[in-house]
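This report covers the fold, the cores and some individual residues of the chain shown below.

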Amino acid sequence: MHEATMSDSILRMASEVARREKIRNVKRVDVIIGELHHVVAGVLRTHYEIGKADFPALSRSKLRIRTRKARIACRHCRKKSALTAVSFLCPSCGSAQIEVIGGMELHLASIEGETDTEKTRKGEKPQARR
Ligand SMILES: [Zn+2]
């Protein structure tokens with residue numbers, strides 16, 4: 001369920017970028033997802049494979065998933081660390097005054113594909129040259 005919603009956002013974002021960048025045949029969509037989203041990569045990929053059929057520019061694309069570790073910053077001693085346990089305490093000084101600073105990411109890192117040069121050419125207006 002969660003993965004379905006995420007797959008949908010990724011497809012929409014990638015499709016929008018492809019439209020803006022005039023990429024008609026996207027080969028790869030590269031996403032970065034923080035581990036606090038608790039996404040199951042295989043499930044996300046399955047949703048992507050099904051969903052991409054609705055987006056012509058993405059129909060032959062592959063999804064590449066990269067995860068980011070959960071990280072915290074301590075407001076007390078200011079140290080930054082990886083969030084390893086369920087306990088939300090600073091491993092350095094034991095303070096509970098912490099702030100989650102990583103692991104919630106969801107962004108499109110890049111998309112790769114071919115540009116529709118013909119369409120681009122059609123859109124250009126002939127210019128008078130001296
Ligand atoms: Zn601390």
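In this predicted model, the buried residues of helix α1 pack against β1, α2 and β6. The buried set in α1 consists of Ser7, Ile10, Leu11, Ala14, Ser15 and Ala18. Seen down the axis of α1, the buried residues fall within an arc of 130 degrees, so they line one face of the helix. On the face turned away from that buried side, α1 carries the exposed residues Thr5, Ser9, Arg19 and Arg20. The length of α1 can be checked against its residue count: at 1.5 Å a residue, its 19 residues should span 27 Å, and the end C-alpha atoms are 27 Å apart, which agrees. Just after α1, Lys22 takes a positive phi of about 55 degrees.

Helix α2 can be described in the same terms. Its buried residues are Leu44, His47 and Tyr48. They cover an arc of only 100 degrees around the axis, which puts them on the same side of α2. Gly42 and Ile50 are exposed residues on the face of α2 turned away from its buried side. The elements covering the buried residues of α2 include α1 and β2.

Over the whole chain there are three helices and six strands. Along the sequence they follow the pattern α-β-α-β-β-β-β-β-α. Of the 130 residues in the chain, 20% are buried. Among contacts with a separation of 6 or more, 72% are between residues 24 or more positions apart.

Which strands form the open sheet, and in what order? Three strands take part, in the order β2-β1-β6, with mixed pairing. Strands β2 (62–68) and β6 (106–115) stand at the edges, each with a single partner strand, so one side of each is left without a neighbour in the sheet. From one strand to the next, the twist averages 20 degrees. Strand β1 (residues 23–34) and β2 run parallel and are joined by seven bridges. Gly34 has Arg68 in β2 as its bridge partner. Helix α1 (residues 2–20) packs on the sheet, where it touches β1 and β6, and its direction makes about 45 degrees with that of β6.

Strands of a sheet pair through backbone hydrogen bonds, either parallel or antiparallel.

The cores come next. In soluble globular proteins, nonpolar side chains tend to be buried together. The largest nonpolar core here has 15 residues, of which Ile10, Ala14, Ala18, Val26, Val29, Leu58 and Ile111 touch the most other members. At least two residues of this core come from each of α1, β1 and α2 (41–51). Strand β1 supplies the largest share of this core, five residues. Not counting residues up to four places away in sequence, Leu58 touches Leu11, Ala14, Ser15, Ala18, Val26, Val29 and Lys52. A second, separate core of five residues includes Ile72, Cys74, Leu83 and Cys90.

Ser61 lies in the loop between α2 and β2. Is Ser61 buried or exposed? Ser61 has 24 other C-beta atoms within 10 Å, and is therefore buried, given that 20 or more are required. Leaving aside neighbours within four places in sequence, Ser61 is in contact with Val26, Lys27, Arg28, Val29 and Lys52. Ser61 and Tyr48 are 13 residues apart along the chain, and their C-alpha atoms are separated by 9.5 Å.

Two further loop residues have a positive phi without being glycine, His38 and Arg78. Most residues other than glycine have a negative phi, and most peptide bonds are trans. The table gives the values for the two residues.

| Residue | Phi | Loop | C-beta neighbours within 10 Å |
|---|---|---|---|
| His38 | near 50 degrees | between β1 and α2 | 10 |
| Arg78 | near 70 degrees | between β3 (71–74) and β4 (80–82) | 10 |

With 10 C-beta neighbours inside 10 Å, His38 counts as exposed. Arg78 is exposed, with 10 other C-beta atoms within 10 Å. The cut-off for an exposed residue is 12 or fewer.

How values were computed
Residues numbered from 1 in each chain as written. Predicted model: local features only at pLDDT ≥ 70, side-chain atom pairs only at ≥ 80, totals over all residues. Pairing = 2+ DSSP bridges. Helix = DSSP H or I, 4+ residues; strand = E, 2+ residues; numbered from the N terminus. Axes fitted to C-alpha atoms, helices over the stretch in contact; angles between N-to-C directions. Contact = placed C-beta atoms within 7 Å. Core = buried A, V, L, I, M, F, W, Y, C linked by C-beta atoms within 7 Å. Expected span 1.5 Å × (residues − 1). Arc of directions from axis to C-beta.
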